[in-house]
Amino acid sequence: PEHPDTLTTRYSLAQEMSARGEHTAAEGELRAVLAIRERMLGPEHPDTLATRFSIAKEIAARGAHTSAEDEFRIVLAARKRALGPDHPDTLATRFSVAREMSARGRHDAAETEFRAVLAARQRTLGRDHPDTLATSFCVAQKMSVRGDHGEAEQGFRRVFAARQRTLGPDHPDTLATWFSVAQEMAARGKHAAAEEEFWDVLAARQRTLGPDHPDTLATWFSVA
């Protein structure tokens, strides 16, 4: 039961549980794997920290954002020590901390953290890396939350252009960004132009995701 291959299999099974939405069961399995990895590998081994990171994700998925943020912060401190502040895994953890802050309504603090992660990812991964673009998207979201819809629209447009170029026009992430552009246009009172964008997003989502997909239905709601 303590062989590394067995633990890897158990970890993968927990990830499958998570993908099916079985977050409590996934967390339980991950905690069992964590206990063994801490004992055999040590608390700051990369595999141990990866397991703890996954536990934090499961805690977040069931809505316990304060506990999730606390857990992510523990992983962040350990990864900074073991991997350095600019390692992709460290930045992924810092990004997760910011997301939990946002989920708890701490939007100003979350935006500050997202911007710091963005600067590091632009420097280490490049401006068009998917992780960089995901962070840019979150920064634009925070600008929208604080009512700066003009800046938010420009931020979303930059991500939209990059995702069209790197992922293609019909990728779900590209369409999600296009939808956000339209939302910001509507928030600025540009209703006729926003409606045209929503119809275009709707057509693309119907074609690529199907008429009953939640994202398609959300777009229908925006044009109704």
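Begin with α9 and α10, which are roughly antiparallel to each other. The model is a predicted one.

**Stop 1: the α9/α10 pair.** Select residues 172-187 for helix α9 and residues 191-208 for helix α10; the two pack at an angle of about 160°, with their axes 8 Å apart. Angles over 145 degrees count as roughly antiparallel, so this pair falls in that class. Viewed as a crossing, α9 and α10 are left-handed.

Now show the side chains at the contact. From α9, display L175, A176, W178, F179, A182, Q183, M185 and A186. From α10, add H191, A193, A194, E197, F198, D200, V201, A204, R205 and T208. Coloured by class, this contact has 12 nonpolar, three polar and three charged residues.

**Stop 2: helix α5.** Move to residues 88-103, the 16 residues of α5. From its first C-alpha to its last, α5 reaches 22 Å, close to the 22 Å expected at 1.5 Å a residue. Select T90, L91, T93, F95, S96, V97, A98, E100, M101 and S102, which are buried in α5. To see what the buried residues of α5 pack against, turn on α3 (46-61), α4 (65-83), α6 (107-124) and α7 (130-145).

**Stop 3: S96.** Stay in α5 and centre on S96. S96 has a relative accessible area of 10%, and the cut-off for buried is under 20%, so S96 counts as buried. Which residues is S96 in contact with, leaving aside its neighbours within four places in sequence? Select F53 and F72 to see these partners of S96.

**Stop 4: past the end of α5.** Finish on G105, just after α5, where the backbone takes a positive phi of about 85°.

Key. Residues numbered from 1 in each chain as written. Predicted model: local features only at pLDDT ≥ 70, side-chain atom pairs only at ≥ 80, totals over all residues. Heavy atoms only, no water. Helix = DSSP H or I, 4+ residues; strand = E, 2+ residues; numbered from the N terminus. Expected span 1.5 Å × (residues − 1). Buried < 20%, exposed > 50% of the residue type's maximum accessible area, 1.4 Å probe, protein only. Contact = heavy atoms within 4.5 Å. Axes fitted to C-alpha atoms, helices over the stretch in contact; angles between N-to-C directions. Parallel < 35°, antiparallel > 145°, perpendicular 65-115°, else oblique. Left-handed = near helix turned anticlockwise from the far one by under 90°. Nonpolar A, V, L, I, M, F, W, Y, C, P; charged D, E, K, R; others polar.
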